[in-house]
Amino acid sequence: MAEQSGCLDDGDRLAVANVFRRNQIDLDQVFVVEPVSPDEIVFVIRAATFPEAALTSELMSILNRKVWVAADGPVWKKSRLQPI
């Protein structure tokens, strides 16, 4: 079983999962970068296209912290990505 992110509690994890499902993004394509600070979170998505602005806005609203949504790429190669 994949390790779950320690930067989301169970309630937040469920709410985040629902946001991605509503936006038709498979959860196995969504990862969280190991936290840099407690007031922000970075989601990395391994999908060809996704509604970045809409996801960012909705996730910021439910998590009450700064949210970054980014496409997977070389910049994330050395980051510790965790499944949500």
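1. Start with the hairpin: S1 and S2 are joined through 6 residues. This is a predicted model, by the way, so please read everything below in that light. The two strands run antiparallel, with 3 bridges between them. To find your place in the pairing, look for Phe31, which stands opposite Val44 in S2.

2. Now for the loop of that hairpin. Ser37 sits there, between strand S1 (30-33) and strand S2 (40-45). Is Ser37 buried or exposed? Its relative accessible area is 18%, so Ser37 counts as buried, given that the cut-off for buried is under 20%. The Ser37 side chain has two polar contacts worth a look. One is with the side chain of Asp39, at 2.7 Å. Another, of 3.2 Å, goes to the side chain of Glu40.

3. Stay with S1 for a moment, and look at its two faces. Val30 and Val32 are on one side, Phe31 and Val33 are on the other, and all of them are buried. In other words, S1 is covered on both faces. Phe31 has another feature to check: Arg46 lies over the face of its ring, 4.3 Å from the ring centre.

4. Zooming out, which order do the strands take in the sheet? The order is S3-S2-S1-S4, so to speak from one side to the other, in an open sheet of 4 strands with mixed pairing. At the edges you'll find strand S3 (66-71) and strand S4 (81-83), each of which pairs on one side only. From one strand to the next, the twist averages 35°.

5. S1 has a second partner in S4. These two pair in the antiparallel sense, over 3 bridges. A handy marker here is Val33, which stands opposite Leu81 in S4. As for helix H2, it packs on the sheet and touches S2 and S3. The direction of H2 makes about 150° with that of S3.

6. Ile45 is a good residue to click on next. Its place is in strand S2. How much of Ile45 is accessible? The relative accessible area is 0%, so Ile45 is buried. Leaving out residues up to four places away in sequence, Ile45 touches Phe20, Ile25, Gln29, Phe50, Leu55, Val69, Ala70, Ala71 and Asp72. Of these contacts, Ala71 deserves a second look: Ile45 and Ala71 are 26 residues apart along the chain, yet their C-alpha atoms are separated by 5.0 Å.

7. Last stop, Glu58. This residue is found in helix H2 (residues 52-63). Is Glu58 buried, exposed or partly exposed? Its relative accessibility is 27%, so Glu58 counts as partly exposed, because that class lies between the 20% and 50% cut-offs. Setting aside neighbours within four places in sequence, Glu58 is in contact with Val19, Arg22 and Asn23. Asp39, which we met in point 2 as a polar partner of Ser37, is 19 residues from Glu58 in sequence and 16 Å away in space, C-alpha to C-alpha.

Conventions:
Residues numbered from 1 in each chain as written. Predicted model: local features only at pLDDT ≥ 70, side-chain atom pairs only at ≥ 80, totals over all residues. Heavy atoms only, no water. Buried < 20%, exposed > 50% of the residue type's maximum accessible area, 1.4 Å probe, protein only. Contact = heavy atoms within 4.5 Å. Polar contact = N/O pair within 3.5 Å; in protein donor to acceptor, adjacent residues only side chain to side chain. Pairing = 2+ DSSP bridges. Axes fitted to C-alpha atoms, helices over the stretch in contact; angles between N-to-C directions. Lys NZ or Arg CZ within 6 Å of the ring centre and 35° of its normal.
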